[in-house]
Amino acid sequence: MSYTLKIICCNIRVDVQVDAKAGDGWADRKGMCVEVMYGQHPDVICVQECKGNQYEDLKRGLPTFDGYGLSNTLTGYNPSNAILYLRSRFELITAGGHWLSETPHVANSKSWDSSLPRFVNWVHLRDRESGREFRVWNGHFDHIGQKAREEQARLIVEGAKAFPDDLPQFFTADCNADAKNPAIAVLKEGGWIDTYTAVHGPDDPGNTFHGFIGPKHVTKVGKIDFVFCRGPVKPKAAEIIRDCRNGRYPSDHYFVSAEVELDQGS
């Protein structure tokens with residue numbers, strides 16, 4: 001037997017005053033973010049660039065979801081790479097996270113040419129009906145350092161390899177790198193499969209970062225937001241979510257989704 005699971009990856013854009021001046025502040029967007037997320041009927045929602053106030057707003061707006069987010073404590077409570085999951089469907093077995101650095105258990109640490117401390121969160125969930133367990137990792141690679149991106153990808157590969165091959169795993173991220181970047185090659189060589197490529201083929205579908213202007217953003221960036229999988233997982237559908245309302249967007253990134261089929265396990 002098998003069952004389906006839908007995951008969405010959402011860089012929601014950090015809450016900063018400069019966006020508010022342009023009409024794209026979090027206060028203007030949070031309702032739209034929730035609406036777009038709910039409209040996808042997801043089972044798991046992974047967000048990046050999430051400040052504490054944004055996390056609380058999402059939890060209020062998504063009351064059927066529980067969540068977890070290790071926080072970057074440099075500037076207050078910022079569970080930047082939080083993971084939310086349907087409470088009625090999943091039981092949380094364990095959760096945690098670590099920094100994407102040479103000292104992963106040292107809070108706020110950074111290495112290589114990383115411009116900022118970067119970290120990954122994870123949750124280990126059990127489907128209440130089938131009993132099937134799986135793990136979701138959610139991260140955000142550095143936007144400046146190429147070596148950092150590659151080494152951060154290696155840490156994700158090493159972390160996933162610590163678990164049995166028959167455990168379904170997912171890694172969602174703003175990788176700040178398109179499919180041709182060596183950091184993505186590190187992930188793929190380490191056993192991760194890009195769900196979008198698995199469904200649609202290798203051609204780049206265009207930008208997922210758009211700076212709040214949607215298709216008017218013509219600078220070539222490529223698809224930098226991903227849902228990866230590994231283990232007994234079959235990608236069935238994948239989408240770049242380009243929803244907007246009256247010319248306004250829920251974020252400066254398009255959200256991305258993946259629908260997958262998991263075997264029920266033993």
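In this predicted model, V44 touches L5, K6, I7, I8, I83, L84, Y85, F90, L125 and V136, with residues up to four places away in sequence not counted. V44 is also one of the residues with the most contacts inside the largest nonpolar core. That core has 47 residues. I12, M37 and F170 stand beside V44 in the list of its most connected members. A second core is separate and has 20 residues. Its members include V120, W122, F141 and W192. In soluble globular proteins, nonpolar side chains tend to be buried together.

Six strands form an open sheet. Their order is 5-6-7-8-10-9, and the pairing is mixed. Strand 5 (90-99) and strand 9 (193-194) stand at the edges. Each has a single partner strand, so one side of each is left without a neighbour in the sheet. Strand 8, residues 169-174, pairs with strand 10, residues 225-230. The sense is antiparallel, and the pairing runs over six bridges. One of these partnerships involves D174, whose bridge partner in strand 10 is D225. In general, strands of a sheet pair through backbone hydrogen bonds, either parallel or antiparallel.

Edge strand 9 contains D194. This residue, D194, counts as buried because its relative accessibility is 4%, under the 20% limit. Its side chain has polar partners. A polar atom of the D194 side chain lies 3.2 Å from the backbone nitrogen of Y196. The side chains of D194 and T197 are joined by a polar contact of 2.7 Å. Beyond its neighbours within four places in sequence, D194 is in contact with K188, K223, F226, V227 and F228. Two of these residues also interact with each other: the charged end of K223 sits over the ring of F226, 3.8 Å from its centre.

Aromatic residues form a further theme. A search of the whole structure finds twelve aromatic pairs. F134 and F170 make one that is edge-to-face, with 6.1 Å centre to centre and 85° between the planes. This pair links distant parts of the chain. F134 lies in strand 7 (residues 133-140) and F170 in strand 8, 36 residues apart. Both F134 and F170 are buried. The ring centres of Y249 and Y254 are 6.2 Å apart and their planes meet at 70°, so this pair is edge-to-face too. Y249 and Y254 are both buried. A single aromatic cluster brings together F141, F171, W192, F226 and F228. F141 and W192 of this cluster also belong to the second nonpolar core. W122, another member of that core, has R135 over its face, at 3.9 Å from the ring centre.

The last site is a loop. R89 is found between strand 4 (83-86) and strand 5. Leaving aside neighbours within four places in sequence, R89 is in contact with Y3, T4, L5, D43, R126, D127 and R128. With D127, the R89 side chain makes a side-chain polar contact of 2.9 Å. L5 is a residue that V44 touches and that R89 contacts as well. N72 is 17 residues from R89 along the chain, and the C-alpha atoms of the two are separated by 29 Å.

Methods:
Residues numbered from 1 in each chain as written. Predicted model: local features only at pLDDT ≥ 70, side-chain atom pairs only at ≥ 80, totals over all residues. Heavy atoms only, no water. Pairing = 2+ DSSP bridges. Helix = DSSP H or I, 4+ residues; strand = E, 2+ residues; numbered from the N terminus. Buried < 20%, exposed > 50% of the residue type's maximum accessible area, 1.4 Å probe, protein only. Polar contact = N/O pair within 3.5 Å; in protein donor to acceptor, adjacent residues only side chain to side chain. Contact = heavy atoms within 4.5 Å. Phe/Tyr/Trp six-rings, centres within 6.5 Å; stacked < 30°, edge-to-face > 60°. Lys NZ or Arg CZ within 6 Å of the ring centre and 35° of its normal. Core = buried A, V, L, I, M, F, W, Y, C linked by side-chain atoms within 4.5 Å.
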